[in-house]
Amino acid sequence: MPETARQSAGEAYNVPAASIFAGGYHHPLLRNLQAERHLTKDMLMYPIFITDEPDAEVEIKSLPGQKRWGINRLKGFLAPLVAKGLRSVILFGVPVVREKDARGSLADDPETPVILALHLIRREFPSVVVACDVCLCEYTSHGHCGELCALETLTKAEQEVNAKIIDNKASVKRMQEVSLAYARAGAHIVAPSDMMDGRIGAIKQALVDDGFGNRCSVMSYSAKFASNMYGPFREAAGSVPDFGDRKCYQLPPNARGLARRAILRDVAEGADFLMVKPAMPYLDIMSEARELAPNHPLACYQVSGEFAMLHAGADAGVYELKAMAFESVEGFLRAGCTLVLTYFTPDFLDWLDEDQ
Ligand SMILES: NCC(=O)CCC(=O)O
Ligand SMILES: [Zn+2]
Ligand SMILES: [Zn+2]
């Protein structure tokens with residue numbers, strides 16, 4: 001037993017005045033003031049799936065409440081959200097009608113859903129900032145994020161460990177082309193999630209050379225981990241790879257050092273925004289990113305599996321969804337994030353107007 005407790009056996013222990021913590025902040029307002037920063041509507045970016053079926057409004061089973069939208073439905077879907085204060089979206093294209101090929105030609109086809117949506121959103125909702133995810137996985141016939149090497153050039157052993165399947169050079173060139181196409185169609189931000197080496201510098205240079213240096217920002221998915229939590233997204237976007245996995249271009253979940261290097265590399269290559277993805281299991285990486293790049297805005301992506309997990313827990317009675325969603329985002333802000341990509345955005349637009 002500790003000395004003080006023995007001495008006071010039988011008597012009430014006198015709590016020292018300086019040890020009173022929670023009790024000192026005994027009112028909801030006083031507790032609220034503990035936060036350095038609070039979630040605001042400006043900090044929310046909403047991921048949206050747009051398909052090439054113009055009238056589609058298709059539920060995504062594994063992503064509660066989320067749908068794939070056809071271009072003809074987009075205005076009606078976004079208008080009420082913009083009225084509630086939606087400030088930014090990130091677009092993902094989902095071709096289901098047109099045929100995919102090995103180089104992901106549909107990514108930057110002039111009629112591709114993302115480009116049509118860019119024109120529409122810029123025209124109809126001038127207050128909304130539009131980011132476009134830049135990646136090939138939704139557009140390639142094989143479902144990988146970049147162009148592949150001719151597989152016959154690889155040894156069997158290399159194929160088995162999924163090494164060297166990506167043609168990095170050809171892929172980076174595609175990311176430049178796709179980024180430029182989105183910038184020309186009005187994207188405020190291009191957000192490469194492909195994870196090819198050197199793409200940030202290449203994209204930034206292509207934008208600058210084409211006159212977009214101060215019209216289109218680059219948000220790098222800097223620390224994107226090869227997570228188990230992208231499943232519902234892959235259902236939503238139809239981007240499950242045909243073979244192998246993404247481990248040769250995304251970070252292993254245990255890779256703190258690689259994440260730190262990736263963050264520093266993307267800063268050096270000219271990224272305007274950095275990102276950590278997924279969010280909840282990687283709070284340590286966020287706070288390290290904050291330290292490594294204190295002068296850059298930091299985003300995090302609360303991915304599809306996190307969203308599905310939070311819903312599943314709430315449905316099982318483990319917690320109340322709204323309270324848990326706020327708790328998750330409070331963690332991101334505490335860790336230093338300034339922007340949160342989340343499927344909860346429409347909910348937060350309502351919740352932030354309610355008493356919390
Ligand atoms: N580039 C986006 C993803 O790879 C997945 C996001 C998610 O799971 O929500
Ligand atoms: Zn991808
Ligand atoms: Zn992706």
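**Overall fold and annotated sites of the predicted model**

The protein has 13 helices and 10 strands, and everything described here comes from a predicted model. Its C-alpha atoms fit in a box of roughly 80 × 50 × 40 Å along the principal axes. As for the overall spread, the radius of gyration is 23 Å, which agrees with the value near 21 Å for a compact globule of 356 residues. Buried residues account for 43% of the 356. The chain also folds back on itself a good deal: of the contacts with a separation of 6 or more, 75% join residues 24 or more positions apart.

The annotated cysteines make a handy place to start. An unreviewed UniProt entry lists Cys135, Cys137 and Cys145 under "binding site". Cys137 sits in the loop between strand S5 (129-134) and helix H5 (156-160), and the loop between S5 and H5 is also where Cys145 is found. Is Cys137 buried or exposed? With 24 other C-beta atoms within 10 Å, Cys137 is buried, because the cut-off for burial is 20 or more. Cys145 counts as buried too, with 26 C-beta neighbours inside 10 Å.

The contacts of these cysteines tie the site together. Leaving aside residues up to four places away in sequence, Cys137 touches Gly143, His144, Cys145 and Ser239. On the same basis, Cys145 touches Cys135, Leu136 and Cys137, along with Asp194, Met195, Arg246 and Tyr249. In other words, Cys145 is in contact with both of the other listed cysteines, Cys135 and Cys137.

Two arginines, Arg234 and Arg246, come with a "binding site" label as well, again from an unreviewed UniProt entry. Arg246 lies in the loop between H8 and helix H9 (256-268) and, with 22 C-beta neighbours inside 10 Å, counts as buried. Beyond residues up to four places away in sequence, Arg246 touches Cys145, Ala226 and Pro241, so the contact list of this arginine includes one of the annotated cysteines. Arg234, on the other hand, is part of helix H8 (residues 231-237). Having 17 C-beta neighbours inside 10 Å, Arg234 counts as partly exposed. Arg234 touches Ser239 and Val240, once residues up to four places away in sequence are set aside. Ser239 turns up in the contacts of Cys137 as well.

Helix H8 also holds Gly231. This glycine is partly exposed, with 16 other C-beta atoms within 10 Å. Not counting residues up to four places away in sequence, Gly231 touches Ser62, Ser304 and Gly305. Arg290, by contrast, is 59 residues from Gly231 in sequence and 28 Å away in space, C-alpha to C-alpha.

Next, the helix packing. Which way do H6 and H7 cross? Helix H6 (residues 168-184) and helix H7 (residues 199-209) pack at an angle of about 40°, their axes 9 Å apart. The two helices are therefore oblique to each other, and their crossing is right-handed. H6 contributes Val172, Met175, Gln176, Ser179, Leu180 and Ala183 to the contact, while H7 supplies Arg199, Ala202, Ile203, Ala206 and Leu207. The spacing of these positions fits a general point: an α-helix has 3.6 residues a turn, so residues three or four places apart point the same way.

H7 has several buried residues, namely Arg199, Ile200, Ala202, Ile203, Lys204 and Leu207. What do the buried residues of H7 pack against? Their partners are H6, strand S6 (189-192), strand S7 (217-224) and H9. After H7 comes Gly211, which has a positive phi, near 85°.

A second helix pair is found earlier in the chain. Helix H3 (residues 71-83) and helix H4 (residues 113-124) pack at an angle of about 40°, with 10 Å between their axes. The crossing of H3 and H4 is right-handed. On the H3 side, Ile71, Leu74 and Lys75 make the contact, and on the H4 side the residues are Pro113, Leu116, Ala117, Leu120 and Glu124.

Key. Residues are numbered from 1 along each chain as its sequence is written. Chains are lettered from A and ligands numbered from 1 in the order in which they are written. This is a predicted model: local features need pLDDT of at least 70, side-chain atom pairs count only at pLDDT 80 or more; totals for chains, interfaces and linings use all residues. Helices (H or I, at least four residues) and strands (E, at least two) are DSSP runs, numbered from the N terminus. The radius of gyration is taken over C-alpha atoms; the globule rule is 2.2 Å times the number of residues to the power 0.38. A residue is buried if 20 or more other C-beta atoms lie within 10 Å of its own, exposed if 12 or fewer, and partly exposed in between; C-beta atoms are placed from the backbone. Two residues are in contact if their C-beta atoms, placed from the backbone, lie within 7 Å. UniProt positions are given in the numbering used here, feature names are shortened, and annotations may be inferred rather than shown by experiment. Axes are lines fitted to C-alpha atoms, for helices over the stretch in contact, and angles run from 0 to 180 degrees between N-to-C directions. Angles under 35 degrees count as roughly parallel, over 145 as roughly antiparallel, 65 to 115 as roughly perpendicular and the rest as oblique. A crossing is left-handed if the near helix is turned anticlockwise from the far one by less than a right angle, and right-handed if clockwise.
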